[in-house]
Structure formats: structure tokens, C-alpha cells
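Hi everyone, thanks for making time this morning. I'd like to walk you through one model, and please stop me whenever you want to look at something on the screen.

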Amino acid sequence: MRQLKSVEEMPGSYGLPILGETLEIFRDLELYLWRRFQQHGSVFKTSVMGRKRAYLIGPDANRLVLVEQAENMSSRIGWYFLESTFGNNILLQDGEEHRLTRRLMYPAFHGKAIATYFDTIQNIVQDFLKDWGRGTISLNSSFRQLTLMVATRLFLGSQNKSEVEQTSQWFTQLLESSMAIFKLNVPFTLYGRGQNARGKLVAFLRQEIAQRIEQGNLEESKDVLGLLLVAVDEDGNKLSEAQIINEALLLLFAGHETTASLLSWVIFELGNHPEWREQLRKEQLAVVGNNPLNLSHLKQLPDLTNVLKEAERLYPPVYAYNRGVLKDIEYAGYCIPAGWFVTISPMLTHRLPELYTEP
């Protein structure tokens, strides 16, 4: 029988006592991963706030964590630090609980539902862009503002401008607090302010849900909140009010932050590739002409689709995935024990030259 190496033999460092390499990871984010990958290769260890972690890089690692050993991994444990911010939601669920929630949320992201979102998105975008072209624009912050407005309208049901602005402000405070290393729930701390904003968002959502139920006609909903309220699976299961609120908060985070990041990189790359800018303009002119853009046009834009996919390859908005190890697993000759964490990185995998010889 082949003898596995102890995880302690894995390259890398545990950093400072208790803190580990937490400060460096929070400070450098993606850069931390690049440096350790260049230093140690595709397998290395660290410690974050006293929790030992193995980074596994490459398609074999992705397959192991997401498919082959998925039942021995916990998403909830992996993303434990987000629960106090967003509550128990689909990102933090495992096994049957995850499958049930996924079934109930699916109708809100089906093609027919997405078609009802198109006009809302189009109107917000056109209004937002009307002042572009006058002076310098900070792409990432502008796109965050835009996508948060869209997400707030679609996910929370906020309708008028002042409501969108208020809920967006609360959410921004909540989001900033999720990066707090020390989570002290007192008013003068970053985390405390975030929890106060979370309470206001939850109260807003409860009021919105109560109004929707009182008004009836939920089956005619044209936003995510309404579709989550009416979702029922074949066994008669429904999402509770608390679940709907937690999922709405998660979607607000995932739906705006990742989209803004991707859009920023797309514009950045098109700025460096005028030939592709011109190609996309020609494609749009050929397909859309001088008509208003509609949903059916999107499937007729293969060049735009390829540009978006290539931007996702180069700059995946979620650059790393975390899992808690429930049962000892084997990888690259090492035994990674239960109680450890593992992290995989689409960002690094997507740039491996052996996978993309002609990117």
C-alpha cells in the first residue's frame, strides 16, 4: 500500500501564532495566491485565524473538490465567515438541504423568468449611461453602483429611486462589514455598523414580503423576490420567510459584485484591443442595427459571447472557492485530514499555460 505524506510536509508556512497569514491574505487577496503559487507550486498550506488550510491548484484539484470528494467537503464550513453577514443561504448549505433550496430557487433563474427582467435591466442601464462620455469614469465603482441598482430592483423589489438608494446604502455598509477580521457587534465597530444595516434590510424585506402577500397575485411576479415567494417543489416544500431574506441578501452580494468586476475587466481589455472593439460594433450593427436591443438579439452575438467568456477565463469574479474537510482526503500524495480547509482557484487554473496553449 502506498504511503501518503503528512500534510505537515506540504510546502508553505503557517505564519504568525493564531493569526497565521490572515493579514497578508486580506491585504493582498489575489496577489497572495499568485505569490504562493509561484513560490511553492500547485499544492501549499497556510493558516488563517488558527484554521489550517491547503491550497490545491489545477483541474484535478477542482474535480476532486467539486465532484469526486464533494460529499466529504462542506461548503457551510468553508464559507463560515459569511454566515453572520448573509445568514444560512444556498452558498452555505450542503447535501440534501442544498439540493432542496436549489430546486426552489431554480424558477427565478429560468429562461422565462429572465425574459421578464430584461426590460427592467435595460431601462436602468440606459438611464445610468446617459451621462457617460463626459470626463473620466472610475469603471469599477461605477459598475458596482449600476449593478447594485439593478440587483436591488430585481432581488429586493425596491421600486422608487429613493428606496433603491436607501437599500443600496444599507447593503454597502453590510458588505464592508463582511471584511472585518474581528467581528465585535458593538455600534462603533465596522462589524457593528454592518449588523445594524443588516437589521434595517431584514426589516425592509419583511415589510415588502408582507405587502406582497396582502396584495396577492404573487403568480404574476416579475422580480426574484416575488418568484421566491411562490416557489413550491413537487413535494410541496416552500422557502420560509427567513430563507427568502437570506437568499435575497446573498443574491444581492453575488449578483452585483461579481457582475461589476467582470464588466470592468471586459471594458479594460476592450480598451487594449481596438480591433475587438471594432469587431463587436460591427456585430451589433449587423444583428441589432438601429433598433432597440431585445432579448432575442443576445443569442445572435457569438463574438460578444466569446469576449465575455474569455474575460471570465482571465478574470473569474470569484477567484477562489473554500471547503471544510469532513473526512480525510488524498491529493498529490498528501493526506489532508478532517478539520482542515481546502481552497481551489479558478483564477490560477484558467491561466495555466499547459491548459491554454493558445489563449
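I'll go through helix packing, salt bridges, two buried residues, a surface patch and two backbone angles.

One thing up front: what you see is a predicted model.

Let's begin with the helices. Two packed helices are described by the angle between their axes and the distance between the axes. Take helix 12, residues 241-272, and helix 13, residues 274-287: they pack at an angle of about 110°, and their axes are 5 Å apart. Angles from 65 to 115 degrees count as roughly perpendicular, so that is the label for helix 12 and helix 13. If you zoom in on where they meet, helix 12 brings Leu270, Gly271 and Asn272, and helix 13 brings Pro274, Trp276, Arg277 and Leu280.

Now stay with helix 13 and turn to helix 14. Here the axes come within 8 Å and cross at roughly 140°, and this pair is therefore oblique. On the helix 13 side, the contact is made by Trp276, Gln279, Leu280 and Glu283, while helix 14 contributes Pro302, Asp303, Leu304 and Val307. Keep an eye on Trp276 and Leu280, please. They take part in the contact with helix 12, and they turn up again in the contact with helix 14.

While we are on helix 14, which spans residues 302-314, there is a charged pair inside it: Glu310 and Arg313, 3 residues apart, or about one turn of the helix. Their side chains meet in a salt bridge, 2.8 Å from N to O. Are the two partners buried or exposed? Glu310 is partly exposed, at 30% relative accessibility, whereas Arg313 is buried, at 9%.

That brings me to the salt bridges in general. How many does the structure hold? The count is 17, and I'll pick out a couple more.

Lys52 forms a salt bridge with Glu8, and the closest N and O atoms are 3.4 Å apart. Lys52 sits in strand 3, residues 51-56, and Glu8 in the loop between strand 1 and helix 1, so the pair ties together parts that are 44 residues apart in sequence. Both ends are partly exposed: Lys52 has a relative accessible area of 32%, and Glu8 has 42%.

Next, the side chains of Arg36 and Glu24 meet in a salt bridge, at 3.0 Å from N to O. This one links distant parts of the chain, with Arg36 in helix 2, residues 30-40, and Glu24 in helix 1, 12 residues apart. Arg36 is buried, with a relative accessible area of 11%. There is a further partner, too: Glu21, Glu24 and Arg36 are linked in a network of salt bridges.

Let me move on to two buried residues. Ser142 is in helix 8, residues 139-156, and counts as buried at 13% relative accessibility. What does Ser142 touch, leaving aside its neighbours within four places in sequence? The contacts are Phe128, Trp132 and Ile137. You can also look across to Ala260: it is 118 residues from Ser142 along the chain, and their C-alpha atoms are separated by 8.3 Å.

The other one is Leu348, in helix 15, residues 346-349. Leu348 has a relative accessible area of 0%, so buried is the right word. Not counting residues up to four places away in sequence, Leu348 touches Leu33, Trp34, Phe37 and Ile57.

Now for the surface. Phe182, Leu184, Val186 and Phe188 make a nonpolar patch of about 460 Å². Phe188 is in the loop between helix 9 and helix 10, and at 69% relative accessibility, over the 50% cut-off, Phe188 counts as exposed.

Last stop, for those of you who like backbone torsions: where do we find positive phi in residues other than glycine? Leu29 is one of them, with phi near 50°. Leu29 sits in the loop between helix 1 and helix 2 and is partly exposed, at 33%. Ala332 is another, with a phi of about 55°. Ala332 lies in the loop between strand 6, residues 329-331, and strand 7, residues 334-336, and is partly exposed as well, at 45%.

That's my tour. Thanks for listening, and I'm happy to go back to any of these places.

Key:
Residues are numbered from 1 along each chain as its sequence is written. This is a predicted model: local features need pLDDT of at least 70, side-chain atom pairs count only at pLDDT 80 or more; totals for chains, interfaces and linings use all residues. Side-chain values use heavy atoms; hydrogens and water are left out. Patches are made of residues with over 30% relative accessible area and no salt bridge: like charges are joined within 9 Å, nonpolar side chains (Val, Leu, Ile, Met, Phe, Trp, Tyr) within 5 Å. Accessible areas come from the Shrake-Rupley method with a 1.4 Å probe; for residues, only the protein chains shown count as cover. A salt bridge is a side-chain nitrogen of Lys or Arg within 4 Å of a carboxyl oxygen of Asp or Glu. Helices (H or I, at least four residues) and strands (E, at least two) are DSSP runs, numbered from the N terminus. Buried means under 20% relative accessible area, exposed over 50%, partly exposed in between (1.4 Å probe, protein chains only). Axes are lines fitted to C-alpha atoms, for helices over the stretch in contact, and angles run from 0 to 180 degrees between N-to-C directions. Angles under 35 degrees count as roughly parallel, over 145 as roughly antiparallel, 65 to 115 as roughly perpendicular and the rest as oblique. Contact means heavy atoms within 4.5 Å.
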